[in-house]
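Trainee: Could you walk me through this model and show me how to read its features?
Mentor: Gladly! Have a look at it, and then ask away.

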Amino acid sequence: LERGNASVLASKTGFHHGVLHCIVQQSTQKVHILATHLSPHSAARRRLEARSLIAVVQKLEAEDDKAAVVVAGDLNTLSPLDRDQHGPELLAMLRTNPRLQAKFLVTPDPDADIDYMPMRILLTDLVDVAFSHAQSDEKPHPTVPTERHADKLHAAPMRIDYVLLNAQAAATLLDMDGRAIHVHAQIDDFT
């Protein structure tokens, strides 16, 4: 779909839910927005999805060294940047439920540790906006549970939703304080 200064591409290849790739022309720069929802069931599957997603980012950067890339969505993974918030209580809770073991642990067994690898893969080329631009005494807020998603798979305060930027996006879409600079796009063309 292409209209005005934006185009939308979608892909499910290699992804549990897929990736929506929107391209917004911002004066002389293209802003690539990759919206995704990674596998909600398997840390092992998310490792593969993270590798596929970072390959898309690196391909966009190879095609255009000025490409600003934003990756956003429900990544269903815990970040090593939040490790200090993942105390023994959380780990014990994750280890007691087989579905949570598969979702968050390195291997689905009661002795495994939290699997940070999906986010580590993404952080090789992207920065976590909420973490990198938080005030020094401020930690990013958990994104679950919410009123709508308070179930056994969202049973403890965790951050599983993220906005990640490549270096070009961070340099051009954030101000000096890490606040987003408005991206001008007419979305009315898509209605």
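Trainee: Let me begin with a proline: is Pro98 buried or exposed?
Mentor: This is a predicted model, and its relative accessibility settles the matter. Exposed means over 50% relative accessible area, so Pro98, at 59%, counts as exposed. Pro98 belongs to helix H3, which covers residues 98–104.

Trainee: Which residue is eleven places from Pro98 in sequence and 7.4 Å from it in space?
Mentor: That is Asp109, with the distance taken from C-alpha to C-alpha.

Trainee: How many helices and strands should I expect along the protein chain?
Mentor: Six helices and seven strands. Read from the N terminus, their order is β-β-β-β-α-β-α-α-α-β-α-β-α. Of the 191 residues in the protein chain, 41% are buried. Contacts are worth a look too: among those between residues at least 6 apart in sequence, 62% join residues at least 24 apart.

Trainee: And the confidence: what is the mean pLDDT of the protein chain?
Mentor: The mean is 83, and 79% of the residues reach 70 or more. Going element by element, helix H4 (residues 117–122) has the highest mean, 98, while strand E1 (residues 2–3) has the lowest, 56. Take care with residues 184–191, where pLDDT stays under 50. For that stretch the model has twelve contacts beyond four places in sequence.

Trainee: How do I read a nonpolar core?
Mentor: The general idea is that in soluble globular proteins, nonpolar side chains tend to be buried together. In this structure the largest nonpolar core has 19 residues, and the members touching the most others are Leu34, Val71, Leu122 and Leu164. Two or more residues each come from helix H1 (43–63), strand E5 (68–74), H4 and strand E7 (161–165). H1 gives the most, with five residues. Another core lies apart from this one; it has 14 residues, including Leu90, Leu105, Ile114 and Val144.

Trainee: Which residues does Leu34 touch, not counting those up to four places away in sequence?
Mentor: Among them are Val19, Leu20 and His21, then Leu53, Val56, Val57 and Leu60, and also Val69, Val70, Val71 and Ala72.

Trainee: Now H1 itself. What span does it reach from its first C-alpha to its last?
Mentor: With 21 residues, H1 reaches 30 Å, close to the 30 Å expected at 1.5 Å a residue. At its N-terminal end, Ser42 acts as a cap, with a side-chain oxygen 3.3 Å from the backbone nitrogen of Ala44.

Trainee: Which residues of H1 are buried?
Mentor: The buried ones are Ala43, Arg46, Arg47, Glu49, Ala50, Leu53, Ile54, Val57 and Leu60. They pack against strand E3 (19–26), strand E4 (29–37), E5, H3 and H4.

Trainee: How should I read the two sides of helix H2 (88–96)?
Mentor: Start with its buried residues: Leu90, Leu91 and Leu94. Viewed down the axis of H2, they fall within an arc of 95°, so they line one face of the helix. On the face turned away from that buried side sit the exposed residues Pro88, Glu89 and Thr96. The cover over the buried residues of H2 includes H3.

Trainee: What about backbone angles: which residue has a positive phi of about 50° although it is not a glycine?
Mentor: As background, most residues other than glycine have a negative phi. Here, Asn76 has the positive phi of about 50°. Asn76 is in the loop between E5 and H2. Buried means under 20% relative accessible area, so Asn76, at 1%, counts as buried.

Trainee: Which side chain makes a polar contact with that of Asn76?
Mentor: The side chain of His37, at 3.3 Å. Beyond four places in sequence, the contacts of Asn76 also include Leu38, Ser39, Pro40, Arg46, Lys103, Phe104 and Ile160.

Trainee: One last loop residue: is Phe15 buried or exposed?
Mentor: Its relative accessible area is 7%, so Phe15 is buried. Phe15 lies in the loop between strand E2 (6–11) and E3. Past its neighbours within four places in sequence, Phe15 contacts Thr36, Leu38, Arg45, Glu49, Ser52 and Leu53. The C-alpha atoms of Phe15 and Ser39 are 7.4 Å apart, with their positions 24 residues apart along the chain.

Terms used. Residues numbered from 1 in each chain as written. Predicted model: local features only at pLDDT ≥ 70, side-chain atom pairs only at ≥ 80, totals over all residues. Heavy atoms only, no water. pLDDT = per-residue confidence, 0-100. Helix = DSSP H or I, 4+ residues; strand = E, 2+ residues; numbered from the N terminus. Contact = heavy atoms within 4.5 Å. Core = buried A, V, L, I, M, F, W, Y, C linked by side-chain atoms within 4.5 Å. Buried < 20%, exposed > 50% of the residue type's maximum accessible area, 1.4 Å probe, protein only. Polar contact = N/O pair within 3.5 Å; in protein donor to acceptor, adjacent residues only side chain to side chain. Expected span 1.5 Å × (residues − 1). Arc of directions from axis to C-beta.
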